[in-house]
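Here is a friendly walk through some side-chain contacts and enclosed spaces, set out as questions and answers. Have the viewer ready and follow along.

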Amino acid sequence: MADSAEAWERQPSESAAAWEAFACYRDLGLSRSIGKVAERLAKSRTLIERWSTTHRWVLRAEAWDREQDRLWRGEQQQAAREVARRHARLASAAQSKIVAQLQQLDPARLSPSDVIRWLEVTIRIERQAYGMDLADAAAAASKGPETADVSSLTDEERRARMEQLRRELESRIGTLGGEQP
C-alpha cells in the first residue's frame, strides 16, 4: 500500500478529487459501490473505477470497516464496565441500608417461616458471592438446625434464636463486605 500510516487516510499519490471520491465510497458502508460514488459526485464511472483500482479502494474500505468495528467493540466494553461499576455502587448502597434495617429487626415480630426465609436468602447470597453451586445452596438450606421447627419454642427461646441468627447474619454480611466479624 502507500506510505500513509492508515489505509483509509489520504494517500500521498492521491489527488484531492480522488480522495473525496474514496471518502464517499468509504462512507457508503455496506451499500458502497463505484456506481453510487459516480452518481453522487457526478463523475464518470470510468474515472471512478480507475481511481478505485489505482488507490486500492476495496482494501482500504475493508481496513476502515475493521477499524470502525474495533472502535465500536471498545466503546461497548467500556459501557459494560461503566454499567457494572454503577450496579456495584447501587448494590453496595442498598446493602448498607439493608444491614441498618437488619440491626433494628425485632426477632419477636418474625414468624418461624420468616426466620427460615431470611436464612435461605442469606445462604443463597453468601454462596453466590463465593461462587458456589446454587443447587448445593438449596440442599444446604433444607438441612440442619436452620430449618428446625421453632413453633414449639417459647417466646423467650425464639427471641434468643432470632438474636443468634441476626448476629450470624451480620457476621456473614460483614465477611462478604470484606470486614472481619
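Helices here are DSSP runs of H or I with at least four residues, numbered from the N terminus. Keep in mind that this is a predicted model.

Q: In which helix do Arg45 and Glu49 both lie?
A: The side chains of these two residues meet in a salt bridge, with 3.1 Å from N to O. Arg45 and Glu49 are 4 residues apart, about one turn of the helix. The helix that holds both spans residues 45-54 and is H3.

Q: Are Arg45 and Glu49 buried, partly exposed or exposed?
A: Buried means under 20% relative accessible area and exposed means over 50%, with partly exposed in between. Arg45 has a relative accessible area of 47%, and Glu49 has 36%. Since both values fall between those limits, Arg45 is partly exposed and Glu49 is also partly exposed.

Q: How far apart are the N and O atoms in the salt bridge of Glu163 and Arg167?
A: Glu163 and Arg167 both lie in helix H7, residues 155-176, and are 4 residues apart. Glu163 is partly exposed at 25%, and Arg167 is partly exposed at 46%. A salt bridge needs the nitrogen within 4 Å of the carboxyl oxygen, and for this pair the N to O distance is 3.5 Å.

Q: How many residues apart are Glu14 and Arg60, which link distant parts of the chain?
A: Glu14 and Arg60 form a salt bridge whose closest N and O atoms are 2.8 Å apart, and both residues are buried. Glu14 belongs to the segment before H1, whereas Arg60 is in helix H4. Along the chain, the two are separated by 46 residues.

Q: Over the ring of which residue does the charged end of Arg60 sit?
A: Arg60 also forms the salt bridge with Glu14. Its charged end is 3.9 Å from the centre of a ring. That ring belongs to a residue that counts as buried at 0% relative accessibility, namely Phe22.

Q: Is the pair of Trp8 and Trp64 stacked, tilted or edge-to-face?
A: The structure has 4 aromatic pairs. In this one, the ring centres are 5.9 Å apart and the planes meet at 65°. Planes over 60 degrees apart count as edge-to-face, so the pair of Trp8 and Trp64 is edge-to-face.

Q: How many residues apart in sequence are the parts that Trp8 and Trp64 tie together?
A: Trp8 is buried, at 14% relative accessible area. It lies in the segment before helix H1 (16-27), while Trp64 lies in helix H4 (residues 57-103). The pair therefore ties together parts whose separation in sequence is 56 residues.

Q: What is the angle between the ring planes of Trp19 and Phe22?
A: Both residues lie in helix H1, 3 residues apart, and ring pairs link them with Tyr25 and Trp57 into a cluster. Their centres are 6.0 Å apart and the pair is tilted. The angle between the planes is 40°.

Q: Which helix gives the largest share of the lining of the largest cavity?
A: The largest cavity holds about 180 Å³ of space. Of the 14 residues that line it, those closest to its centre are Trp118, Met162, Leu165, Arg166 and Leu169. Helices H5 (112-129) and H7 each give two or more residues to the lining. The largest share, 6 residues, comes from H7.

Definitions and conventions: Residues are numbered from 1 along each chain as its sequence is written. This is a predicted model: local features need pLDDT of at least 70, side-chain atom pairs count only at pLDDT 80 or more; totals for chains, interfaces and linings use all residues. Side-chain values use heavy atoms; hydrogens and water are left out. Rings of Phe, Tyr and Trp (its six-membered ring) pair if their centres lie within 6.5 Å; planes under 30 degrees apart count as stacked, over 60 as edge-to-face and the rest as tilted. Buried means under 20% relative accessible area, exposed over 50%, partly exposed in between (1.4 Å probe, protein chains only). A charge sits over a ring if NZ of Lys or CZ of Arg is within 6 Å of the ring centre and within 35 degrees of the ring normal. On a 1 Å grid over the protein atoms alone, a cavity is a set of points where a 1.4 Å probe fits but cannot get out, and a pocket is an open set with protein on both sides within 12 Å along at least five of seven lines; lining residues have an atom within 4 Å of a point. Grid points are joined across faces, edges and corners, and a volume is the space filled by probe spheres set on the points.
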